[in-house]
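Please open the structure in a viewer and keep the selection panel at hand. The tour proceeds by selection, each stop stating what to display next.

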Amino acid sequence: MTLFAESPDAAKAARDIARTTFRDWGLHSLVDDARSVVSELVGNAVQHTVPDECLAKPGAPRRIDVAFRCWPKWTFIEVTDEDSSPPLLPMGEVFSPALVGDLPEAVLPDSGRGLRMVQSLVDALWWAPGEQGGKTVVCRFDLGSERLGDGTHERGE
């Protein structure tokens, strides 16, 4: 699915497609997490990306591609944008989780909070540069029996 960063409903469209896709695949227990993840990744692309010079077209909207892939053991969410700058992936806890609630927001990191949330919801998070520029951020959900209840789900593309 292709979205455009200038569209005011880009993140909502991504959430709606995630809900429909994960329900169609029988992954009901992952619907809320998938919606949160895709919303954050698309929101990051909307707010933070500047197209690479080789991909920028004067007056053209910034393109964001969203893909969902499902295999028997994993489901992936991929968000591709036109900016090859690496995302600021969290590298560990900045503060002890026990202390964060007691600290004023001013001392919490200014960036990376959304990706920290994404990282807490998925089983793996990484990014890859595009061959012609841009990048893709990939999230993986492992489909074990603890996540799926009886371990069954429908496969989709």
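Select the contact between helices H2 and H4: Asp33, Ser36, Val37, Glu40, Leu41 and Asn44 of H2 meet Gly114, Leu115, Met117, Val118 and Leu121 of H4. A contact here means heavy atoms within 4.5 Å, and helices (H or I, at least four residues) and strands (E, at least two) are DSSP runs numbered from the N terminus. The model is predicted: local features need pLDDT of at least 70 and side-chain atom pairs count only at pLDDT 80 or more, while totals for chains, interfaces and linings use all residues. Residues are numbered from 1 along each chain as its sequence is written, and side-chain values use heavy atoms, with hydrogens and water left out.

Now display both helices in full, H2 as residues 31-48 and H4 as residues 113-121. Their axes lie 10 Å apart, at an angle of about 150 degrees; axes are lines fitted to C-alpha atoms, for helices over the stretch in contact, and angles run from 0 to 180 degrees between N-to-C directions. H2 and H4 are therefore roughly antiparallel to each other, a term for angles over 145 degrees. The crossing of H2 past H4 is left-handed (the near helix is turned anticlockwise from the far one by less than a right angle).

Next, select the strands. Five of them form an open sheet in the order E1-E2-E3-E5-E4, with antiparallel pairing; two strands pair if DSSP finds at least two bridges between them. E1 (2-4) and E4 stand at the edges with a single partner strand each, so one side of each is left without a neighbour in the sheet. From one strand to the next, the twist averages 20 degrees.

Add helix H1 (residues 10-24), which packs on the sheet and touches E1, E2 (63-70), E3 and E5. The direction of H1 makes about 15 degrees with that of E2.

Within the sheet, select E3 (residues 74-81) with E5, an antiparallel pair joined over eight bridges. Asp81 has Lys135 as its bridge partner in E5.

Which residue of E5 is the bridge partner of Ala124? Select Arg140 to find that partner. Here E4 (residues 124-129) and E5 (residues 135-142) pair in the antiparallel sense over six bridges. The two strands form a hairpin with five residues between them, and Gly133 in the turn has a positive phi of about 120 degrees.

Finally, show the whole protein chain, whose elements run β-α-α-β-β-α-α-β-β-α from the N terminus. Of its 157 residues, 35% are buried (under 20% relative accessible area, 1.4 Å probe, protein chains only).

Terms used: Buried < 20%, exposed > 50% of the residue type's maximum accessible area, 1.4 Å probe, protein only. Parallel < 35°, antiparallel > 145°, perpendicular 65-115°, else oblique.
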